[in-house]
Amino acid sequence: MPSTASARSLRLLPLFAALAALSACASGGGTKAAAPSAQVNALYAQLDQASKGYDTALQQARAGDAQASQQTLSTSLEQLKRASAQCGSSPGCDPQRFFAVYDRLLRLKDGSFSLGDDVEVSGEQTPEGSAGTGKTGAASLPQAQRSVTLLHGQKLSELIAMNGPVKAALEMWLTQWRSNLMDAYVNYQYMRYQMWPAYQSRDLPEAVLFGIMAKESGGKVHAVSRSGAAGPLQFMYATGLRFGLSSDGGFDERFDPALAARANAEYLDEQLGIFNNNLEVTLAAYNGGEGRMRRLVGDDTSVSFYDPRIYNQLSQETRDYVPAVLAAAWLFLHPDSYNLRFPKVDGVPGSVVLKRPASLSELTVCLGSAGGMESGWFRTLRNLNPRVDPQAALPQGTKLVVPKLIEPSYAARCADGPWPILANDLHTAVVPVVASTPDPTPSRSAPSKSRSYTVKRGDTLAGIVRKLGCSDVQEVAQLNGIRQQHIKPGQTLKLPACR
């Protein structure tokens, strides 16, 4: 029986770096009517031998000979690298054969695969600096490795069809949506300790949690859609209530990342039970409504989401949503295989106790790019302290949740010195009140005592009221027919008379 360290020697990653040459195969080698040449047949023979060598390596590992297993695997991977590199310059070479092996090994890499009744090996590479739990099987996979990929005992990779819609979504995440994917990853890593346990306790894949969050909100806790869905996982109000997300002292619990993840896990668990672990249909229900999906699916819970009887009856939003979530989940598991490098994020939670009054906005100015966060800490501070108005001054002694790595930066930059003074000066700057142009049309009605304000990025209703000196948050909310958390950049608000 190999040790955990020996088991980790079965790495698939070298294969994927070499298979970058497959794009050359796809463009350089054409198909011919004639039989493959002797050179091409030799390449195919090397491909077959590499595949068989991988199986041999697993058998040797099961027998406890880790050294021989590693040597066999290394030899097999080298054969495959050489053969795939030569495919592009060999007329008549079919790159699809190499892609097929690539897909097979990539799916083996996803999660864990059995070496015996009580020994499993992870194909996923351990990130630098992470450590295992010291156990065997799925529990031995490091937490930071994002390696829990089972959905109710089924491998996630076996539930994701690598078809046209998913591949198209992969391209979108790797191109136009790439910056959104990176932001979502960073945001998630700082909230991971709050959100992941809910999925883990229900035997749900972390990759699916990330995929939903990336598509729904990008990891912005206070995101609100035009339809009224709110929070990092975008719960509608009624659905949120059904899963325990209510109002706590005026705070909408859909904005709490831990509570939202718990409710989301419960929802998926319920719907997976209804749809017999059909992940695609369950995701469609999450986006388009479970009632609609139940009517479309009926008793055939094994039906594919892409079956025309289902697919053609759904909105374009839902048809795009499902493959987008699955593609984001797939990239979360296999970034290196798609020439993607997620940033290293130290998400260990910490806290600070304010040494002087300050708002989250002021703390963001004080902290600057501390800890290497070039984009600043505003989003992270908001996400980790969802109940706090970022514009409101918090009294001395207030305890805030922050990433542990910036605890020293707070003490050095924000407790004393010039930066908190500068931050407060900027924060308390008074914006001139521009009176609206009077209506030249005579009117017998009483003159209007309201004016308008265009919401800017980072604004909150409380912050607007405080900065402009308007009377009351509730009054402004009622005047505009909105909830306090439901403002967004570009929105025009009516404001009562201000001093």
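**Exercise 1. Decide whether Cys 414 is buried or exposed, and whether it belongs to a disulfide.**

Solution. Start with accessibility: Cys 414 has a relative accessibility of 2%, so it counts as buried, the cut-off being under 20%. Keep in mind that you are working with a predicted model. Next, look for a partner. The nearest cysteine sulfur to that of Cys 414 belongs to Cys 366 and is 3.4 Å away. A disulfide calls for sulfur atoms within 2.5 Å, so Cys 414 is in no disulfide. Now turn to Cys 366: its relative accessible area is 4%, so this residue is buried too.

**Exercise 2. Find which cysteines form the disulfide in this structure, and give its handedness.**

Solution. The structure holds one disulfide. Cys 87 and Cys 93 form it, with their sulfur atoms 2.3 Å apart. For the handedness, check the angle about the S-S bond: at -110°, the link of Cys 87 and Cys 93 is left-handed. Finally, check the surroundings: both Cys 87 and Cys 93 are buried.

**Exercise 3. Work out which residues touch the most other members of the largest nonpolar core, and which helix supplies the largest share.**

Solution. This core has 72 residues, and Tyr 199, Phe 210, Ile 212, Leu 233 and Met 293 touch the most other members. Several helices each supply at least two residues, among them H9 (178-201), H10 (206-216) and H14. The largest share, 12 residues, comes from H16. Then zoom in on Phe 210: beyond its neighbours within four places in sequence, its contacts include Tyr 185, Tyr 188, Ala 328 and Phe 332. There is also a second, separate core of 21 residues, which includes Cys 366 and Met 373.

**Exercise 4. Place Val 297 in its helix and list its contacts beyond four places in sequence.**

Solution. Val 297 lies in helix H14, which covers residues 290-297. Its relative accessibility is 7%, so Val 297 counts as buried. Leaving aside neighbours within four places in sequence, Val 297 is in contact with Phe 275, Val 281, Val 303 and Ile 310. Take the last of these: Ile 310 is 13 residues from Val 297 in sequence, yet their C-alpha atoms are 7.1 Å apart.

**Exercise 5. Sort the side chains of strand E10 by face, and say in which sense E10 pairs with E9.**

Solution. Strand E10 runs over residues 492-495, and its side chains alternate. Leu 493 and Leu 495 point to one face and are buried, while Thr 492 and Lys 494 point to the other and are not buried. As for pairing, E9 (residues 451-454) and E10 are antiparallel over four bridges. One of the bridge pairs joins Ser 452 to Lys 494 in E10.

Technical notes: Residues numbered from 1 in each chain as written. Predicted model: local features only at pLDDT ≥ 70, side-chain atom pairs only at ≥ 80, totals over all residues. Heavy atoms only, no water. Buried < 20%, exposed > 50% of the residue type's maximum accessible area, 1.4 Å probe, protein only. Contact = heavy atoms within 4.5 Å. Pairing = 2+ DSSP bridges. Core = buried A, V, L, I, M, F, W, Y, C linked by side-chain atoms within 4.5 Å.
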